[in-house]
Amino acid sequence: MFKGLCAFPLTPLTEGEIEEKSFISLIENLVAAGVDAIGALGSTGSYAYLTREQRYQATKLAVSTAANIPVITSIGHVRFEEVVRLAEDAQKAGVSGVLLAPLSYQPLSTDEVFRFYERISAELSVPLCIYDNPATTKFEFTDELLIALSALNQVGSIKLSEIPDNRELALQRIDNLKTRVAKGVTIGISGDAQSANGLMWGCDVWYSVIGGMFPHYSLALTQAALSQDERKTHKLNSDLNPLWAFYHRHGSLCVIATVAEIMGVVASPCLPFPLQTLTGEERASLVQTLKQLDFLL
């Protein structure tokens, strides 16, 4: 489950409510492409903006639509007791795994984060993916902490948000993690623009935003990178540089949601208020960019 391409679709909203038809269509697209796993409620799925009831609703829809493809869902929340309830809901809905970032209003210490994962892992009957996302949580995992956490009950994967740009440094970090984490724990990469390199340099799984919208292309890129086909990987990834430029300016969620609106896959606006998709000149520029990237369709 925690290998290959894990695609994260949007959770389209209309006036704060999940637009089920569009959400199901997004999941069906992933199933048709044959992705390795579906991340129903990651940051791309706006999990932190949804109520407990909405998260259960979306998770059930994803699981029932996903056929035999494993579904993972986020159980992150600032309140630990709510994390436990969300874990119960996710398992009741039939997920194959859960994703968890250390959300907190107050800054957390290393010891607090360890105890947080230690307690929730004891509550789980499905594998857990540790979600390293300092841009959102403001918590910086050390490799030593990740290695220690990997030995906890049910930990199955670590989702890295960043690796060094330098190839040798990245290879050293990934190799250090892979040789020292508990047996069976995979190392995943997110941050779409760096993920091709991450897979080439030893990561096992791409936790992908663009994969939730364009799974066929993303699968081809994943397979090329995992097979160490440097020439093909570079070509497939560099062809996406115009889209990565939008990511760097606006963030992946805003951009991929705008793409979905432009393509008519979801209604506009589709993001939870007060988040907004691109407007004005940047939206018009993205329209032109998508015309150049017609190979994605």
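Start with helix α12, which covers residues 252–263 of this predicted model. From its first C-alpha to its last, this twelve-residue helix reaches 16 Å, close to the 16 Å you'd expect at 1.5 Å a residue. Most of α12 is covered, with nine of its twelve residues buried. The buried set takes in L253, C254, V255, I256, A257, T258, V259, A260 and E261. What do they sit against? The buried residues of α12 pack against α11 (241–250) and α13 (280–292). Once you step off the end of the helix, look at G264: just after α12, this glycine takes a positive phi of about 80 degrees.

Now go back to S252 and turn to the largest pocket, which holds about 1,100 Å³ of space. Its lining counts 38 residues, and S252 is among the closest to the centre, along with Y131, N133, A135 and G191. The elements giving two or more residues to that lining are α5 (134–137), α8 (192–200), β10 (205–208), α11 and α12. Of these, α8 gives the most, with four residues. Sort the lining by class and you get 18 nonpolar, 15 polar and five charged residues.

The second largest pocket holds about 280 Å³. Here 14 residues do the lining, and V78, F80, L108, E112 and F116 lie nearest the centre. Two helices, α3 (80–93) and α4 (110–121), are the elements that give two or more residues to it. The biggest contributor is α4, with four residues. By class, this lining splits into eight nonpolar, two polar and four charged residues.

Definitions and conventions: Residues are numbered from 1 along each chain as its sequence is written. This is a predicted model: local features need pLDDT of at least 70, side-chain atom pairs count only at pLDDT 80 or more; totals for chains, interfaces and linings use all residues. Side-chain values use heavy atoms; hydrogens and water are left out. The expected span of a helix is 1.5 Å times one less than its number of residues. Buried means under 20% relative accessible area, exposed over 50%, partly exposed in between (1.4 Å probe, protein chains only). Contact means heavy atoms within 4.5 Å. On a 1 Å grid over the protein atoms alone, a cavity is a set of points where a 1.4 Å probe fits but cannot get out, and a pocket is an open set with protein on both sides within 12 Å along at least five of seven lines; lining residues have an atom within 4 Å of a point. Grid points are joined across faces, edges and corners, and a volume is the space filled by probe spheres set on the points. Ala, Val, Leu, Ile, Met, Phe, Trp, Tyr, Cys and Pro count as nonpolar, Asp, Glu, Lys and Arg as charged, and the others, Gly among them, as polar.
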